[in-house]
Each structure stands twice: as structure tokens, then as C-alpha cells.
Amino acid sequence: MCGIVGLFLKDKTMETQLGAMLSDMLITMTDRGPDSAGIAIYGDTAENTSKITVQSDTPDMDFNSLKIDLEKQVKGDVNLRVQSTHAVLELALDQVNSARLALEDLRPNLRVMSIGESLEIYKEVGLPKNVAARFEIKRMSGSHGIGHTRMATESAVTTMGAHPFNTGSDQCLVHNGSLSNHNSLRRKLRRDGVHIQTENDTEVGAAYLTWKMQNGSSLGEALESSLKDLDGFFTFVVGTKDGFGVVRDPIACKPAVMAETEQYVAFGSEYRALVNLPGIEQARVWEPEPATVYFWKH
Amino acid sequence: MNNNDSGIPRTTPRQSATFTQDINSEIRRAAATGIYDIRGGGAKRKLPTFDDLLFLGASISRYPLEGYREKCDTNVTIGGLNAANPIHLDIPITIAGMSFGALSGPAKEALGRGASEAGTSTTTGDGGMTPEERGHSSKLVYQYLPSRYGMNANDLRKADAIEIVVGQGAKPGGGGMLLGQKISDRVAQMRNLPKGIDQRSACRHPDWTGPDDLEIKILELREITGWKVPIYVKVAGARPYYDTTLAIKAGADAIVLDGMQGGTAATQDVFIEHVGQPTLAIVRPAVKALQDLGMHRKVQLILSGGIRTGADVAKAMALGADAVAIGTAALIALGDNDPKWETDYNKLGTTAGAYDDWHEGQDPAGITTQDPELMKRFDPIEGGRRLRNYLKVMTLEAQTIARACGKNHLHNLEPEDLVALTLEAAAMAQVPLAGTDWWPGKSGLF
Amino acid sequence: MQTYDLANGSLRELNATLHAQNETTNQTSWEITNPRGAHAIACGLDSPIEVAIHGSTGYYSAGMNQQATVNIKGSAGPGVAENMMSGKVVIDGDASQYAGATGNGGLLVIKGNASSRCGISMKGINIVVHGNIGHMSAFMAQSGNLVVCGDAGDALGDSCYEASIFVRGSVKSLGADCEEKEMRPEHMEILRELLLQGECDAKPAEFKRFGSARTLYNFNVDNAY
């Protein structure tokens, strides 16, 4: 049970303000989710470069010398950018897989938050304002982003239980609601070799979408089939490298408000989250229909 | 050839333990009617209960208190966390929510009279607040239910506390039912329904879902009532750890936790017997949730579902509850299922003690009915006196146990005062099996 | 006229001030500025005052309203005018889900669109929506009238009781036990009056009426869902 915010910028001149706007939206949703917060930012990309965002409970120990150790392993340049408990590793696109495997050996305590050319995910336990401050989200720029504040229902309040979940390269998902068949679905996906780390229902939703896409579905098709295969109450907001999508379950009880102007498309669990956006008074504001996939692309 | 003449011993007819007479008669009933069995009351199946726990008492290592002479307090304050006017009760035994509609007006009046004389609260139910119960209840908890029958701000402001009902032990995940026989003119008017229809209440609240929305609903109710009265949240004993945690996070001042022995006016028998957890099993996870959030004794836990005696009260409190609520037991105290109406029960095809068709409105005791003739059988003043007596006895019993354990307040009973008679009870209550220092799962999660 | 700026004051103080008008009603006109989507604004009013809210509100604005006239000059969040008893609530923009839920009386006017579950479990309230309404509207509606000048979403009037639903546009689908009903002169009269009160210039003759088929009123296996 949670608060969701999302912002997809059409107007490139606003990109430097993305982090500031998203932080404000995220903090407004504190009441809906005081346990943990997270944000996915689609920022700069460099040609043939990918990013791995990792988190550590002991960043001083883990990140120190990580660059050197990793460069030795992948035999290439690695750029290390540390942000509190998180670090973004930038490296050649074709070295991502070997780097990921190498990380498991080099720093088994590190948790991979996200992998993608553009995507960086930051999430931690704690109040949204503290999480936003810790990662200096306000200073981040990008083309679109998704934030989440969590009130844990059944699974643990941990960093790994926080949203957004990375569902595949440059893909992420946040969720508000409670899935009622996630245990069986987790078992099924695990039997099919899908790696699921937590007992969190949303991670299953995210893994489901990834699995669908790995088996040939587009994101839109995967979302469509989620309406059939996932039971329970959900509002999902998803991000891709150049896109932004929303889907609600057929019952659609959990709140969702969207706003669109010439400059942006915004999502909030409540209208409150949107009130500081520029031109909101004149925006087209509506609630997404149940069982309907919405998608925007750059 | 006739077996009797053959001289060969005959096998005694053997009833199936799977297809019992009960089951077979239900199959025949379902086949004949095409509708599931609807009834009142709580689970009738055998369940692990507080009866499987015993108090240790005091001797040389602990010192008992003298009955009648040395004080053993029983008072409890509910809802002091956010409310300007928390509820102060003399005894930790409250009357659970039962609707006007399910019960007659005089029965609601009697509950108010008895509870007030004993220094405790009573609770409305689905269907709104009646002048009878408000007038005769010194402390009245107003239930805020999914159906919102009879809900209005005036009554809300007359309440001493508001209880947001999310679930009920008899039917976690289900709504209430009131069949046409009991939708009298007055009930129909209060609920704004056509007379005589079979009414089904909603299972979810119409304007919120989940703890994030509940937090906002609680804010609205506090704003309407000026932050004066406590807000309780009632949940069925289904996932007590999570539900208690989330109710606290949403801002509840008290949690009412109802086990599967808890009664209902009417719902599907399959719901009553097959959904939920026994009251014994739900206390410790709920108390753990309160403790994990540092809210034990700040947010009160009111336990209900099959509480019958002062021993049950003492055991609930030893496991960490702050108070209990009784429903079925209060109705029996008023005279429900009394053998003096045996002839009438027989006419209905049942017997005293087994009568559970509360929804049909033909209650021989005149309590769970809207029939004016049957209602005349019940005297609210006499009923109130009987309830008062019963509440006093339960309190004395609980005090007797507490004193024997050396406690000057019921709240000082603790799990270490208990042992369990069975492995099930030991596991569920997380107290040692008698004669050992062990219970199943002791090194586990809790 | 009194003005209260929520940017500089608290919700508690605002509502306490409005509630205090219950006894002294000489300050009959209130302007609330900077609502910024806040919840529970002007809930629990019980006096014939007029409150204008300049901006959009969050959950449960004008909840449980009695007597007062509340005008939201923006859009309203979930559960606006929930359980209203009397008075009038007018929303210039759109209303989120559960508008007028369980309302017992009074008039709710939504000049934009209403989202899902508009008039859920309504118990006597009248609701006039100038635009469209979302799915599951008038679910378990008991009594009162829901007037929709635009289109209705899926499962309109599911399991409704004796409420009347009037729709001018299309109905995506009817809910369980909801059917189209004959529009008799008395219904035209109710509709004419509600359109007038709701400041809507639609013609009663353009509407269709929907209500309960009453097959769920008594338990019957053949009508089970």
C-alpha cells in the first residue's frame, strides 16, 4: 500500500528540473508510504555505455577500490559515482553481463538496484524526505522518472522490498495495491528459471513482466496479459528507456490521477502530488480507466 | 435368505466418518434448496481454546493477594493516544457490536443497561444507532461499517468512540446478511431498504481500500468529531500480525481483534466454519505487532471471539490483550437459547443451545427478532440486570485468578503465568507445555 | 465574507472554525484558498453556510455535509460529499472515485466528469453529473437519483436497490440486476427538477432511466453471481 508518482517530460528544457519536481511529488506522498521510498531516474546516456546501480549496507567498505577491482575483472574502464549507500558503475555496454557476474564474486554483499543505459534506481528504508535528501534527488536531471513511497503490507520493510523494481534493462515498475496470487506465481516463475529475490508481491509483478518480455511480448502486451494473470488489486506504473506506462486492475480501487500538458505527463496516487507542477491548473487531469494500458513514448 | 435366520453374526451398521449424518443432511438440504446454509453464531466446530491453558498461581516463589481485602484493579483506558476524551472503563469486558435489526430494540436497551451498570461500554452494529441503546449506554461505541446503514454525523458525534469495522471473526472478507423476515418497517426505514428483501452488506468499505486510504478516512472521522473520541479499527483474526501493524500505521487508537468463534447475525455456514483463525491463535501475533511498533499498552488491543468466563478474560489479558469484548455470551446472559423455551425450539426443529437461525426472526427468547409478539417475551430491565450480574461474575473470576497469581491489576498478568495442556495450545499461545519449558516453534519467528 | 488560507493555516483550525458556525451563523459566507489537494476540507459541516473552495481538493471534502452549500472551484478527490445528509455540494471540475458515496440526502452537482463508483451505496442523495461517470457507479445504490448527462462506464447500477439512474449518453454496460426502465411522467418531473437545480440545460426527454430488476431481492440460486 503506497504512494506513486511519475513524471514523463515532453519538454526537453525541463529535464534539469526532473529530480526537483519528482522529489517534491514523492515527499507529498509520505502519508501513503512512510516505510521506504525509491526513485527511478532516466538520465543521461552515453554511447555504448551502460550503468549498474548498486546498493550496500556498508558503502565505505564495499565501494572503496570497487572501480579498480572491477576494471581488472572486466578488462575495461569503469566509472564509479558514489551517492550515499548507492553507487553507479558506468561501463561499456558489452561488459555489463560480465561486470554483473564479477560483482557477485567481488562484492557479494552488494545489491543490484538497476541495470540500464539510462536508468538509475535509488531506494532506501526511511521517510521519503530523508531518502530524497540522502540521494540528492533534487539535483538529478533526466527525461522521465518514477517514485514510490511504501507502506509495507505483508513483506518486510527492507531496501530490497522498496520500489521501484528493475524488471529488465532500463525497465522498472512500481505498484500500489496487494496481489493475491503472488505466491503461486512466484513458484511458477522460479520453476521457469526467473530469479526472484524477495517475498514481495510487487517483485513478482515485475518479474512476471520481464519474463513475458523475454518470451517475446512487448511491454504493452506484457501489461495486457498481466490483467489476466495477476489477481488482486494493483496500479502499476512502469518505465522504459524512452517510455512511461500505467495500468490498473479491473476493479481499480486504488487511487490514481494523471495530468497531461504540452510539457509533461504526470502520475500521482493523489492529486496533492501534482499541485506544484507548472501549469497544473490548465492541465488535462483524469483518472486512468480500469484494465486499460496507457503508454507514452519519446 | 434372511441374515437373522442364518446364525452368521451381522456386521454392525457403520456410519462414515467422512459422510457423517450432519454432512449428509446438509447435502440433502443443498440439493433440495439450491442455496447455501445461512445461520447466525460463531464456529461450532471443535477448536483449540483458552480452556487448553492453565494459570500457575502463586506459592513460595510468588505471593498471592487476599481476595476481597487486597486490591486487584480492573479498570482500563482505551484510546488515549490521539483522542481528547479516551474511554475509561471499570472493567475490561466490553459488549461487542451487534446490530439493531439482528437484535430487537429492547435487547439493545438491555445490553446498554447491563453494560452501564457494570461500568463498561456497548457497541452499535450494522444498521445505525437507536435511541434505546444511546439512552441506556453510558459509553457507546459507534460502528462505522461498509454498509453505512443509518450512518450520519449527528450520531457520530453522540458516540463515545468510533469503531471502523474492516472485518469480523465469523466471516473475514465477507459482509453481513439480514434476511427479509427481519427487515421490518423500522429496520427498513433505518437502513433505507425495501421492506422484506434479503439484504447483503458490502464486504469492503465503499470509499476506501487499504491502509493508505484508511489513514485518510481516520483523518476525516477525527476532523468531523473534533479529535475528541477514540477511533478503533476492528479486524477479523485472519492475518493478525499484518492487520494490527497496518491498523496502527493508519492511526488507530485501539484494535478490536475478532477470532473465528466470534458470532454473526447471519452469514454462510461455510464462512463461519472454514475461514479465519481461532481466538487463541491470534493474540500473540497481534501483541507482537504492537510491541514491534512500540505501541503495546498505548494502542489498546480488545480481543473477542468466544470469550465466556472470567478465566477467558484473564487468559486473554495474560497473553497481552488490554480488554475483551463479548457478544454471544452477552446474548446468552440475556436469555438467548434458554432451555425454558425448549418446546418452541423443538417446533423450529432445533433445541436449546443449538438454535442459530437468528436471521429468521423467530427467536423464541424474543432477542434476535423484530416480531412484536416474540419481543414481548423479553424484558429489557430484567435482561439488563442479568447482563450486569454476569459481567460482575466474570470480573470477580478474573480478579480471583489475578490475585492468585499475585497481581494487583489484571493488566499485570503475563504469558509466564500460563502453561498449556496441549501441543496446539502451547504453539498458538506461545506458552510452555505444562511440565516443560518448551513450546513448538519456541525458537521460531516470534 | 470570511477568508481562510490553507497555505497559512491548519486543516484542524479551518474545520473547527467552520464547525463553530453551527451555533452562530452570522458569518454565512466562507472562502477557502490554497486547498492544494488536502484531505477532509470542510467535512462534517452542519449549518446553512456557504463555503467556496478555490482550487482542487483531496479525499472526503464536504464529507457528511448537512445544510451547508460547498462549492469546489476545482476538482475533487475521492469520496467528495460522502454520506451527505442535506445541503448542496457543487464541483466545478471533475470528481474522483466514490463521489457522493452512501449519501442520504442533499444535492451533489459535478460539472465535469465523475470517476468510478459515483453514488456507490447511495441512500437518498441526488447527484447530477454534467459529464461522464466511471465504472461501477451506483453500485448497491439504495435510493435517490443519479443523473448523468454524458456517458456511463461499465457495470452501471450493479446490485442496486430502489435508486433511479438517468443517463443521457451511452451506457458501456449494465451491472448485475440493473435494467432499463420505463420513463414515466413522474420520472420526467423528478429529472426536470434535478436538471434545474443542477444548473444543467439538458432536456429530460433525452434521458433513459435505469433501475433494479429486483431479481436479487430474495436469495435464489438461479440469480446467483
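## Burial and overall dimensions of chain C

Of the 225 residues that make up chain C in this predicted model, 61% count as buried. The accessible surface of chain C comes to about 7,700 Å², and carbon and sulfur atoms contribute 46% of that area.

The radius of gyration of chain C is 18 Å, which agrees with the value near 17 Å that a compact globule of 225 residues would have. Along its principal axes, the C-alpha trace of chain C spans about 60 × 35 × 30 Å.

## Secondary structure and contacts

Two helices and eleven strands are found in chain C, and, read along the sequence, they follow the pattern β-α-β-β-β-β-β-β-β-β-β-α-β. Among the contacts in chain C between residues at least 6 apart in sequence, 24% join residues at least 24 apart.

## Charge placement

Chain C carries 16 positive and 24 negative charges, and the mean positions of these two sets are 3 Å apart.

## The surroundings of Gly124(C)

Gly124(C) lies in strand E7 of chain C, which covers residues 123-129. With a relative accessible area of 25%, Gly124(C) is partly exposed, because this value falls between the 20% under which a residue counts as buried and the 50% over which a residue counts as exposed.

When its neighbours within four places in sequence are left aside, Gly124(C) is in contact with Gly103(C), Asn104(C), Gly105(C), Ser143(C) and Gly144(C), and also with Asn192(B). Gly124(C) and Ser212(C), which are 88 residues apart in sequence, are 15 Å apart in space when taken from C-alpha to C-alpha.

How values were computed
Residues numbered from 1 in each chain as written. Chains lettered and ligands numbered in written order. Predicted model: local features only at pLDDT ≥ 70, side-chain atom pairs only at ≥ 80, totals over all residues. Heavy atoms only, no water. Helix = DSSP H or I, 4+ residues; strand = E, 2+ residues; numbered from the N terminus. Buried < 20%, exposed > 50% of the residue type's maximum accessible area, 1.4 Å probe, protein only. Contact = heavy atoms within 4.5 Å. Rg over C-alpha atoms; globule rule 2.2 N^0.38 Å. Areas by Shrake-Rupley, 256 points an atom, 1.4 Å probe, with all protein chains shown as cover. Lys, Arg positive; Asp, Glu negative; His and termini not counted. Charge placed at Lys NZ, Arg CZ, Asp CG, Glu CD.
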